[in-house]
Amino acid sequence: MRKKIVAGNWKMNKTFEDADELMSEIMDNLEQIDLSRDIQLIICPPFPYLEMCTDYANDSYFAVGAQNVCDQARGAFTGEVSAEILRSLELVDYCIVGHSERRTYYNETDAIVAAKVNQLLAQDIRPIVCCGEVLEEREANKQFEVVERQITDGLFHLSAIDFADIIIAYEPVWAIGTGRTATPDQAQEMHAFIRSLIAKKYGDEVAQETSILYGGSCKPSNAKELFANPDVDGGLIGGASLNANDFIAIAQSF
Ligand code: PEP
């Protein structure tokens, strides 16, 4: 059965001291989560805090991820961080790729997403690949076309074996940080569509094993309804992951 996952994307927030405090609050409250449900928690802090977070990540249900990676293997790329560098930290096992903020502010194209995914897989780091339409695209009923292009161009060059390491996050851009959440029906409809694309390309078995997360103003008050859908396998959480109680409450919403 595919994993249920709650991943926190801290984005560019928190000083080191505040981040350390948030991590220890999360760890202090982990026992509230029903671990028999096989839930994977992932924290994605800013790069400089990765090692501090991995120091806490000594339990198999709690892991650490980066928020970005370079599309090149190594060399003269000032300011970039490679998958090889992430791997050398040993416990960084996940990395977000193709977040809408990176697509919008840093011109991350589907081709760049594909290159980053390749770099990560070569280092045994599992990519959490974001996709999702902007408001004008939804209003023009183009959301399926947009997401299909992002998934096809970003991921469908992979073999079925490599694809098995992919986690997908559907994040409608109009819902990210806006307080406006997709309805459970809108989320389910898109997640089922994404799973059908995977089934067409790689077969039913791979599609059924792929975790597809929802992201976009997910919080304790709406997580239960969203996660109750058969194709919603958890969430990629921005704002609410900056508060330990909210993050834990979301992880208890399955
Ligand atoms: C995100 O940026 O991945 C996200 C889902 O943000 P928020 O939860 O704040 O909408």
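I will start with a polar contact of 2.8 Å, which joins the side chains of Asp38 and Lys3. This is a predicted model, and that applies to everything I go through here.

Asp38 lies in the loop that runs between helix H1, residues 16-28, and strand E2, residues 39-44. With a relative accessibility of 40%, Asp38 counts as partly exposed. Leaving out residues up to four places away in sequence, Asp38 touches Lys3 and Lys4. There is also a distance to Ala19, which is 19 residues from Asp38 along the chain: the two C-alpha atoms are separated by 26 Å.

Lys3 and Lys4 come up again with another aspartate. Asp233 touches both Lys3 and Lys4, and its contacts beyond four places in sequence also include Arg2, Ile5 and Arg195. Further along the chain, Asp233 touches Thr210, Ser211, Ile212, Leu213 and Phe254. Is Asp233 buried or exposed? At 2% relative accessibility, Asp233 counts as buried, because the cut-off for buried is under 20%. Its place is the loop between helix H11, residues 220-227, and strand E8, residues 234-237. What does the side chain of Asp233 reach at 2.8 Å? It is the backbone nitrogen of Ile212.

A glutamate is next. Glu108 is found in the loop between helix H4, residues 100-105, and helix H5, residues 110-122. Glu108 is buried, at a relative accessible area of 6%. A polar atom of the Glu108 side chain lies 2.9 Å from the backbone nitrogen of Gly98. Setting aside neighbours within four places in sequence, Glu108 is in contact with Gly98 and also with Asn68, Val97, Arg102, Arg103, Val113 and Lys116.

Now the ligand. Where does the ligand sit? The ligand occupies the second largest pocket. There are 15 residues surrounding the ligand, and the closest are Lys11, His99, Glu171, Gly177 and Ser217. Several backbone atoms approach ligand oxygens. For Gly177, a backbone N or O atom lies 2.6 Å from an oxygen atom of the ligand. For Ser217, a polar backbone atom is 2.7 Å from a ligand oxygen. For Gly239, a backbone N or O atom is 2.8 Å from an oxygen atom of the ligand. Taken alone, the ligand exposes 300 Å², and the protein buries 95% of that.

Staying with Ser217, this residue lies in the loop between strand E7, residues 212-215, and H11. Ser217 has a relative accessibility of 15% and counts as buried. That value leaves the ligand out, because the accessible area is taken with protein chains only. The backbone of Ser217 has a phi near 55°, a positive value in a residue other than glycine.

Lys14 is another case of this kind, with phi near 80°, again positive in a residue other than glycine. Lys14 is in the loop between strand E1, residues 4-9, and H1. At 32% relative accessibility, Lys14 counts as partly exposed.

Two more buried residues to finish. The first is Pro172, in the loop between strand E6, residues 167-170, and helix H9, residues 184-202. Its relative accessible area is 0%, and Pro172 is buried. Apart from residues up to four places away in sequence, Pro172 touches Gly132, Glu133, Ala182, Tyr214 and Gly215. Pro172 and Ala83 are 89 residues apart in sequence, and their C-alpha atoms are 27 Å apart in space.

The second is Ile43, placed in strand E2. What is the relative accessibility of Ile43? The value is 0%, and Ile43 counts as buried. Not counting residues up to four places away in sequence, the residues Ile43 touches include Gly8, Trp10, Met23 and Ile26. Others among them are Cys53, Phe62, Ala63, Val64, Gly65 and Phe247. Cys95 is 52 residues from Ile43 along the chain, with 9.9 Å between the C-alpha atoms.

To recap the acidic residues: Asp38 is partly exposed, whereas Asp233 is buried and Glu108 is buried. The side chain of Asp38 pairs with the side chain of Lys3, while the side chain of Asp233 reaches the backbone nitrogen of Ile212 and that of Glu108 has a polar atom 2.9 Å from the backbone nitrogen of Gly98.

Note on methods. Residues numbered from 1 in each chain as written. Predicted model: local features only at pLDDT ≥ 70, side-chain atom pairs only at ≥ 80, totals over all residues. Heavy atoms only, no water. Helix = DSSP H or I, 4+ residues; strand = E, 2+ residues; numbered from the N terminus. Buried < 20%, exposed > 50% of the residue type's maximum accessible area, 1.4 Å probe, protein only. Polar contact = N/O pair within 3.5 Å; in protein donor to acceptor, adjacent residues only side chain to side chain. Contact = heavy atoms within 4.5 Å. Near = heavy atom within 4 Å. Areas by Shrake-Rupley, 256 points an atom, 1.4 Å probe, with all protein chains shown as cover. 1 Å grid on protein atoms, 1.4 Å probe; cavity = no way out; pocket = protein on both sides within 12 Å on 5 of 7 lines; lining within 4 Å. Sits in = over half its atoms within 2 Å of the grid points.
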